[in-house]
Amino acid sequence: TRDPSSNPPAWLAAGAGNSGAFETRGSLNGALGEHWSASLAFSRRSNDGFSYNATRRARVNDLDVSQLQAKLRYAPRPGMEAILAIDGAEDRSDANTTNYPLNHPGAAPRVTFTKQPPGAFLRRAGGLSLRINKGLGNGVGLRSLSAVAVDALERLRTAGAAACRTS
């Protein structure tokens, strides 16, 4: 997504298609104060599945994904900025374990005969990052980037909770 700025654009888009496809996306951006700005973006996509399970007589391999990103920008002077970004995604798509090649000439029809129902599937992902940019002049600058993934944060939280219980 775009970095936050003092320009306050906002937009929203929605779409629908065959196989129960539905999508919404949006973004909001604007100034919070003299040196501060923020942005928020989201996306939600889903469909009923592009494959068919002939045994269960049901569509499979559906899509069900939500994403969110928030950014906070601090720019105390020209050529200097720090941007903190937090993002996350949740995927509850059908984990039927069938995998078909898409957009491949001669690919077999996407039909499966497994008796297995869709698997219980939930994937959460995301992270936190901090980017600092400092312009030095004549097109030269320094950039520092630090980031951590959500699963690493969860491992740290779990380890910290376990350490507190044992002490």
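These are legends for several close-up views of the structure. The model is predicted, so local features need pLDDT of at least 70 and side-chain atom pairs count only at pLDDT 80 or more, while totals for chains, interfaces and linings use all residues. Residues are numbered from 1 along each chain as its sequence is written, and side-chain values use heavy atoms, leaving out hydrogens and water.

**Figure 1. The whole chain: ten strands and one helix.** Going from the N terminus, the elements run β-β-β-β-β-β-β-β-β-β-α. Helices (H or I, at least four residues) and strands (E, at least two) are DSSP runs, numbered from the N terminus. Of the 167 residues, 20% count as buried; here buried means under 20% relative accessible area, exposed means over 50%, and partly exposed is in between (1.4 Å probe, protein chains only). About 11500 Å² of the chain is exposed, with carbon and sulfur atoms supplying 57% of that. Accessible areas come from the Shrake-Rupley method with a 1.4 Å probe, and for residues only the protein chains shown count as cover. Take the contacts (heavy atoms within 4.5 Å) with a separation of 6 or more: 52% of them are between residues 24 or more positions apart.

**Figure 2. A nonpolar patch on the surface, about 730 Å².** The patch is built from Leu-32, Trp-36, Leu-72, Tyr-74, Leu-84, Ile-86, Leu-128, Leu-130 and Ile-132. Patches take residues with over 30% relative accessible area and no salt bridge; like charges are joined within 9 Å, and nonpolar side chains (Val, Leu, Ile, Met, Phe, Trp, Tyr) within 5 Å. Three strands, β6 (63–77), β7 (80–91) and β9 (123–137), supply at least two residues each, and β9 gives the largest share, with three. Leu-84 belongs to strand β7 and is partly exposed, at 34% relative accessible area.

**Figure 3. Leu-32, a patch residue in a loop.** Leu-32 sits in the loop between β2 (22–31) and β3. At 59% relative accessible area, Leu-32 counts as exposed. Setting aside neighbours within four places in sequence, Leu-32 is in contact with Ser-37, Ala-38 and Leu-72. Leu-32 and Arg-73 are 41 residues apart in sequence, and their C-alpha atoms are 9.4 Å apart in space.

**Figure 4. The one aromatic pair in the structure.** Trp-36 and Tyr-74 make a tilted pair, 4.6 Å centre to centre with 40° between the planes. Rings of Phe, Tyr and Trp (its six-membered ring) pair if their centres lie within 6.5 Å; planes under 30 degrees apart count as stacked, over 60 as edge-to-face and the rest as tilted. This pair links distant parts of the chain, with Trp-36 in strand β3 (residues 36–47) and Tyr-74 in strand β6, 38 residues apart. Trp-36 is partly exposed at 37% relative accessible area, and Tyr-74 is also partly exposed, at 31%.

**Figure 5. Glu-81 and its polar partners.** Glu-81 lies in strand β7 and is buried, with a relative accessible area of 15%. Its side chain makes polar contacts with the side chains of Arg-73 (2.6 Å) and Asn-133 (2.8 Å). A polar contact is a pair of N or O atoms within 3.5 Å; within protein, one must be able to donate a hydrogen and the other to accept it, and residues adjacent in sequence count only if both atoms are side-chain atoms. The Arg-73 and Glu-81 side chains also meet in a salt bridge (2.6 Å, N to O). Arg-73 is partly exposed at 22% relative accessible area. Beyond neighbours within four places in sequence, the contacts of Glu-81 include Tyr-74, Ala-75, Arg-131 and Ile-132.

**Figure 6. Salt bridges elsewhere in the structure.** A search of the whole structure turns up seven salt bridges, each a side-chain nitrogen of Lys or Arg within 4 Å of a carboxyl oxygen of Asp or Glu. One of them joins the side chains of Arg-44 and Asp-64 (2.5 Å, N to O). Arg-44 is in strand β3 and Asp-64 in strand β6, so this pair ties together parts 20 residues apart in sequence. Arg-44 counts as partly exposed, at 29% relative accessibility. Another salt bridge pairs Arg-92 with Glu-90, the closest N and O atoms being 3.1 Å apart. Arg-92 is partly exposed at 41% relative accessible area, and Glu-90 is partly exposed at 25%. Asp-3, Lys-71 and Arg-131 are joined into one network by salt bridges that share partners.
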